[in-house]
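Before this model is passed on, I would ask that the coordinates be opened beside these comments. They are set out as numbered points.

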Amino acid sequence: RLGRHHRDVAIMLKCMAQIHQERGEYDDAARLFTEALSSGKAALGQFHPEVASTLNKIGNLMYERGDLDAAMKYYQEGLLVERTVLEQDHPHIMVTLTNMAQIYKQKADYRNALKYYQEVHEIHVRVYGHQHTNVAATLCSMGLIKYQLQEYEDALDYYQEALRLRRDNYGDDHLDVASTLNSIGLVLFKQQLYDLAMQCFSEGLRIRRLLLGKDHRDVAILWYNIATIHLERGDDEEAIKYYKETLRVERLALGADHQDVVLTLQHMGQVHQQRGELNIALEYFAEALKIEERKHGSQHVSVAKTLNLIGNIFLQRGNVDRAMENFTKAMRIYRTCGESDDSMVIAGHNFYCLSKLHPECAPVA
């Protein structure tokens, strides 16, 4: 018998924990990982690579469960051990730093996220040199953080350097090149440089259609971005045409009830609403509502938002009773879900006097 504080016991407990994690049995996984950590520390000491590995696996589990604070705690402890027992630029240290950066990004703590991404970038440069694809990947991560911080010139610098590296390594027709072009297009869109943004989105679209086919979800993202540029330029006809293509691809690639389909239906409804084509707008909003009620039930906050949109259509048509019916349902759901009354947005006969609101660009692919 090995006894509970033996290295082999710690390894076996860790393997069992991973099986439970893969099954989604998180409580059992957490219990076994904790036992493995205790056994590993007793057998090997606190500062050992296997102890660091277990700490990081617990961090991964907590991240998967959505407990970001607990995940960060374990990653920080794992990083301390790794820096004590491993070489300065060891790959495990890069992974842990990246995990910590991702948590800060999810928590919208972008300054700390950037700090850790920069540290990973410095290690990548030392280990792989300036021209490596891993360096390009970290440049893109830093570019995204700068984008979130609305520091668009810095974001553009990072993305353009990443694009150069990826083209040098992969050639022009590569999915990572297409992704970087999309990211650059989003920055240019925010800078209102619509012609340049359109060039990036169009080239990214060409690459993705070439490599993924015309009916892939990543193709839909670029159709959406192109539609949004046309909408921003005031070319509603072209915007509707490309939103329709977005919708076609999304339905094929994601299924008729996917949330992206709902969002595109809502955007198309909003374009028709802005054009004064209220019956068509209502059809799109009603279709979105049916999907949301099928997916979430009748008391979900997304249902309330669509009822709010429908209420505005009836208000614009002068049908106050139907408008109030939808507004009342929406408000009741908002309050049930703990949302503020400020969640309601009412825009009636003065709709065209309001600033024109456009959907955000699609997230970075």
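The points below go from the model as a whole to individual helices, loops and residues.

1. Confidence. This is a predicted model, and its mean pLDDT is 92, with 94% of the residues reaching 70 or more. Residues 348-365 stand apart from that summary, since their pLDDT is below 50; this stretch nevertheless has 47 contacts in the model beyond near neighbours in sequence. I would ask that any statement resting on those contacts be worded with the pLDDT of the stretch in view.

2. Overall make-up. The protein has 16 helices and zero strands, and its C-alpha atoms fill a box of roughly 80 × 50 × 35 Å when taken along the principal axes. Of the 365 residues, 47% are buried, while the accessible surface comes to about 18000 Å², with 49% of it belonging to carbon and sulfur atoms. When contacts between residues at least 6 apart in sequence are considered, 58% of them join residues at least 24 apart.

3. Helix 2 and its cover. Helix 2 runs over residues 26-44, and because its 19 residues at 1.5 Å a residue should span 27 Å, the 26 Å between its end C-alpha atoms agrees with expectation. Its buried residues are A29, A30, L32, F33, A36, L37, S39 and G40, and what covers them includes helix 1 (7-22) and helix 3 (49-65). Just after helix 2 comes G45, which takes a positive phi of about 95°.

4. The side of helix 1 seen from L13. L13, a residue of helix 1, has a relative accessible area of 11% and is therefore buried, the cut-off being 20%. Leaving aside neighbours within four places in sequence, L13 is in contact with L32, E35, A36 and S39. Among these partners, L32, A36 and S39 also appear in the list of buried residues of helix 2. L13 and L37 are 24 residues apart along the chain, with their C-alpha atoms separated by 9.0 Å.

5. E50 and R7. E50 lies in helix 3, and its side chain is joined to that of R7 by a polar contact of 2.4 Å. Would the authors comment on which residues E50 touches, once those up to four places away in sequence are not counted? They are R7, I11, K14 and L44. The 2.4 Å value deserves a look in the coordinates themselves before it is quoted.

6. P91 at helix 5. P91 belongs to helix 5, which covers residues 91-106, and it counts as partly exposed because its relative accessibility is 45%, between the limits of 20% and 50%. P91 and V120 are 29 residues apart in sequence and, from C-alpha to C-alpha, 9.9 Å apart in space.

7. Two loop glutamines. Most residues other than glycine have a negative phi. Q150, however, has a phi near 65°, a positive value in a residue other than glycine, and Q192 likewise takes a positive phi of about 65° although it is not a glycine. Q150 is found in the loop between helix 7 (133-148) and helix 8 (152-170), whereas Q192 lies in the loop between helix 9 (175-190) and helix 10 (194-212). Q150 is exposed, with a relative accessible area of 58%, and Q192 is exposed with a value of 58%. I suggest that the two be described together.

8. Helix 15. For helix 15, residues 301-316, the 16 residues at 1.5 Å each should span 22 Å, so the 23 Å between the end C-alpha atoms agrees. This helix is mostly covered, with 15 of its 16 residues buried. G318, just after helix 15, takes a positive phi of about 85°.

9. Cysteines. How many disulfides does the model contain? With a disulfide taken as a pair of cysteine sulfur atoms within 2.5 Å, the count comes to zero. C15 counts as partly exposed because its relative accessibility is 42%, and C337 counts as partly exposed because its value is 34%.

Notes:
Residues are numbered from 1 along each chain as its sequence is written. Side-chain values use heavy atoms; hydrogens and water are left out. Buried means under 20% relative accessible area, exposed over 50%, partly exposed in between (1.4 Å probe, protein chains only). Helices (H or I, at least four residues) and strands (E, at least two) are DSSP runs, numbered from the N terminus. The expected span of a helix is 1.5 Å times one less than its number of residues. Contact means heavy atoms within 4.5 Å. A polar contact is a pair of N or O atoms within 3.5 Å; within protein, one must be able to donate a hydrogen and the other to accept it, and residues adjacent in sequence count only if both atoms are side-chain atoms. pLDDT is the predictor's confidence in each residue, from 0 to 100. Accessible areas come from the Shrake-Rupley method with a 1.4 Å probe; for residues, only the protein chains shown count as cover.
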